[in-house]
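Open the model in your viewer and keep the selection tool handy. We will take a short walk along some charged side chains, one stop at a time.

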Amino acid sequence: AAEPNLSAPVCLAEPTPAEVKAADEARRKAKGEQRRERAREQREKDAEAETLGAAKHTADDAERKRLRREAKRARTEERRAERAREAGERAREEEERRRA
């Protein structure tokens, strides 16, 4: 029987079944890891968007309340001015009646 020539280059074209299995396992693990990483990043992004959305809603609510308060204040001042005008007119009419 001929002795194997250890100095000859080893043929790497055909990996052993164990090597194929190990490579497949490594690929599967890497894919799973990537998928988990992407899912985690997406969850973080969603959470951030939700926080920003909530902050936006809060800001919108605060803005709406502020605008509502300003509108109410403006209406109150208009009514006050209207009543003051009416009171002034009544006072003038009273004064004219007293003079007449």
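Start by selecting Glu44 and Arg40: their side chains form a salt bridge, with the closest N and O atoms 2.5 Å apart. As you look, keep in mind that this is a predicted model. Why are these two separated by about one helical turn? Glu44 and Arg40 sit four residues apart in helix H1, and that spacing accounts for the one turn between them. Color by accessibility and Glu44 shows up as partly exposed, with a relative accessible area of 44%.

Keep Arg40 selected and add Glu37. Here is another salt bridge, again with 2.5 Å between the closest N and O atoms. This pair is three residues apart in helix H1, which spans residues 17-99, so about one helical turn separates Arg40 from Glu37. Arg40 is partly exposed, at a relative accessible area of 32%, and Glu37 also counts as partly exposed, at 32%.

Now show all three side chains together. What links Glu37, Arg40 and Glu44? The answer is a network of salt bridges, and you have just visited Arg40's contacts with Glu44 and with Glu37.

For the next stop, move along helix H1 to Arg99 and Glu95, which lie four residues apart, about one turn of the helix. Their side chains meet in a salt bridge at 3.9 Å, N to O, a distance that counts because the cut-off is 4 Å. Arg99 is exposed, with a relative accessible area of 68%, whereas Glu95 is partly exposed at 33%.

If you would like to keep exploring, a search of the whole structure finds 13 salt bridges.

How values were computed: Residues are numbered from 1 along each chain as its sequence is written. This is a predicted model: local features need pLDDT of at least 70, side-chain atom pairs count only at pLDDT 80 or more; totals for chains, interfaces and linings use all residues. Side-chain values use heavy atoms; hydrogens and water are left out. Buried means under 20% relative accessible area, exposed over 50%, partly exposed in between (1.4 Å probe, protein chains only).
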